[in-house]
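Please open the model in your viewer and switch to a cartoon view. We will go from one selection to the next, with a short stop at each.

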Amino acid sequence: MSHRELYCDVCEGVALFEAPPCVDGHGTDCPELICVDCGAAVVVGAIAFPVTRLTVRHRQPAPRRVA
């Protein structure tokens, strides 16, 4: 099990977190962590998605109003 010190919202301070035995095959890099003091669980992870460039739209000027 891997150990990390993170802020725990339940304990309201820095606490030791550990990764439980992972059944998904992540090993020590499992994104699920449990606070050793109170048992609160957190999931640490980043969301990756492909970045695409949006097409540039040219705005047409607003029509002028004549009095």
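Which residue in S3 does Phe17 stand opposite? Select Phe17 and look across to S3: the residue there is Cys35. Keep in mind as you go that this is a predicted model.

**The strands around that pair**

Now select residues 13-18, which are strand S2, and residues 32-35, which are strand S3. The two run antiparallel to each other and are paired over two bridges.

Zoom out to the whole chain. The protein has four strands and zero helices, so in the cartoon you can follow the elements from the N terminus as β-β-β-β. The four strands make an open sheet with antiparallel pairing, in the order S1-S2-S3-S4. To find the edges, colour residues 3-8 for strand S1 and residues 41-43 for strand S4; each of these pairs on one side only. Turn the sheet and follow its twist, which averages 40° from one strand to the next.

**Cys8**

Next, select Cys8, found in strand S1. Is Cys8 buried or exposed? Cys8 counts as buried because its relative accessibility is 1%, and the cut-off for buried is under 20%. Show the side chains around it: beyond its neighbours within four places in sequence, Cys8 is in contact with Gly13, Ala15, Phe17, Cys35, Cys38 and Ala40. Phe17 and Cys35, the opposite pair from our opening stop, are both among these contacts. If you like, add a distance label from Cys8 to Val42: C-alpha to C-alpha they are 9.0 Å apart, with their positions 34 residues apart in sequence.

**The loop between S1 and S2**

Step along to Asp9, in the loop between S1 and S2. Asp9 is exposed, since its relative accessible area is 63%. Its C-alpha lies 10.0 Å from that of Cys35, and the two are 26 residues apart in sequence.

In that loop between S1 and S2 you will also find Glu12. Check its backbone: Glu12 is not a glycine, yet its phi is positive, about 55°. Most residues other than glycine have a negative phi. Glu12 counts as exposed because its relative accessibility is 64%.

**The whole surface**

To finish, show the surface of the protein. The accessible area is about 6300 Å², with 55% belonging to carbon and sulfur atoms. Of the 67 residues, 15% are buried. Among contacts with a separation of 6 or more, 20% join residues 24 or more positions apart.

How values were computed: Residues numbered from 1 in each chain as written. Predicted model: local features only at pLDDT ≥ 70, side-chain atom pairs only at ≥ 80, totals over all residues. Heavy atoms only, no water. Pairing = 2+ DSSP bridges. Axes fitted to C-alpha atoms, helices over the stretch in contact; angles between N-to-C directions. Buried < 20%, exposed > 50% of the residue type's maximum accessible area, 1.4 Å probe, protein only. Contact = heavy atoms within 4.5 Å. Areas by Shrake-Rupley, 256 points an atom, 1.4 Å probe, with all protein chains shown as cover.
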